[in-house]
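Please open the structure in the viewer and keep the sequence panel visible beside it. The tour proceeds by selections, and each stop states what is to be found there.

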Amino acid sequence: DYGDGIEVSYDDIPATEASVLMLVSYRGHWKYPIGYVLDDKLNAHDLKCLLSRALTLCAQNDIKIRCITMDGISTDLRAMKLFGFSFGHRLDGIDNTFYCDAYDYMIYLIADPVHMLKLARNVLGELKEFTDSQGRKIEWKVIE
């Protein structure tokens, strides 16, 4: 049961993880979980449904949301594309805002910088070498 008015795809596979929706203050020092879903690899459509419902409930309760922060895994990125965010290979190809009807203003997307660095480190550790857009090598052995 994902709650009133939330329609998600259903399967009969036991949960292997928990997805948590959390409000975090950017002026204060508090974090407040507002919901969680026990699932087996939540898909992008279902994540968008859950986030949309959370945004609507927050707006109805006068809680201002200015930004969505996520880990940057592929499911998160696909869900953000469903909201209208666009990602490109160049900085000018990125649109990190979307218009939210519940608030009547734009909401920003921020990929968690610490988690993104961790993902990049892990991939570099596995592949051992990247090549940047100018053909220069980025090598794991330098970090080792």
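Select Y103, which is a buried residue with a relative accessible area of 12%; buried means under 20% relative accessible area, exposed over 50%, and partly exposed in between, with a 1.4 Å probe and protein chains only. Add Y105 to the selection: at 19% relative accessibility, Y105 also counts as buried. This is a predicted model, in which local features need pLDDT of at least 70 and side-chain atom pairs count only at pLDDT 80 or more, while totals for chains, interfaces and linings use all residues. Residues are numbered from 1 along each chain as its sequence is written, and side-chain values use heavy atoms, with hydrogens and water left out.

**The aromatic pairs**

A pair of aromatic rings is described by the distance of the centres and the angle of the planes. Rings of Phe, Tyr and Trp (its six-membered ring) pair if their centres lie within 6.5 Å; planes under 30 degrees apart count as stacked, over 60 as edge-to-face and the rest as tilted.

How many aromatic pairs does a search of the whole structure find? The search gives three. Select F83 and F98, whose rings form a tilted pair with 4.8 Å from centre to centre and 45 degrees between the planes. F83 lies in helix α2 (residues 74-83) and F98 in strand β4 (residues 97-100), so this pair ties together parts that are 15 residues apart in sequence. Helices (H or I, at least four residues) and strands (E, at least two) are DSSP runs, numbered from the N terminus. Both rings belong to buried residues: F83 has a relative accessibility of 13%, and F98 has a relative accessible area of 6%.

Return now to Y103 and Y105. Their ring centres are 5.1 Å apart and their planes stand at 35 degrees, so this pair is tilted. Next, display F85 together with F83 and F98; ring pairs link these three residues into a cluster.

**Charges over rings**

Two of the rings already visited have a charge above them. A charge sits over a ring if NZ of Lys or CZ of Arg is within 6 Å of the ring centre and within 35 degrees of the ring normal. Select K48, which lies over the face of F83 at 5.0 Å from the ring centre. Then select R66, whose charged end is placed over the ring of Y105, 4.5 Å from the centre of that ring.

**Two residues with positive phi**

Which value does phi take in D104? Phi of D104 is near 65 degrees, a positive value in a residue other than glycine. D104 is located in the loop between β4 and β5 (105-111), and D104 is exposed, with a relative accessible area of 56%.

Move on to K128, in the loop between α3 (113-127) and β6 (129-131). K128 is not a glycine either, yet K128 has a positive phi of about 75 degrees. With a relative accessible area of 44%, K128 is partly exposed.

**Two residues in strands**

Select T97, found in strand β4. T97 is buried, with a relative accessible area of 15%. Which residues is T97 in contact with, leaving aside its neighbours within four places in sequence? They are G84, F85, M106, I107 and Y108, where contact means heavy atoms within 4.5 Å. To see a separation in space, add R53: T97 and R53 are 44 residues apart in sequence and 18 Å apart from C-alpha to C-alpha.

Now select Y36 in strand β2 (residues 31-39). Is Y36 buried or exposed? Y36 is exposed, with a relative accessible area of 60%. Not counting residues up to four places away in sequence, Y36 touches S19 and V20. Y36 and L50 are 14 residues apart in sequence, and their C-alpha atoms are 9.4 Å apart.

**The whole chain**

Finally, clear the selection and view the whole chain. The secondary structure comes to four helices and seven strands, and along the sequence the pattern reads β-β-α-β-α-β-β-α-β-β-α. The C-alpha trace spans about 50 × 40 × 30 Å along its principal axes. Buried residues make up 26% of the 144 residues in the protein chain. Among contacts with a separation of 6 or more, those between residues 24 or more positions apart account for 49%.
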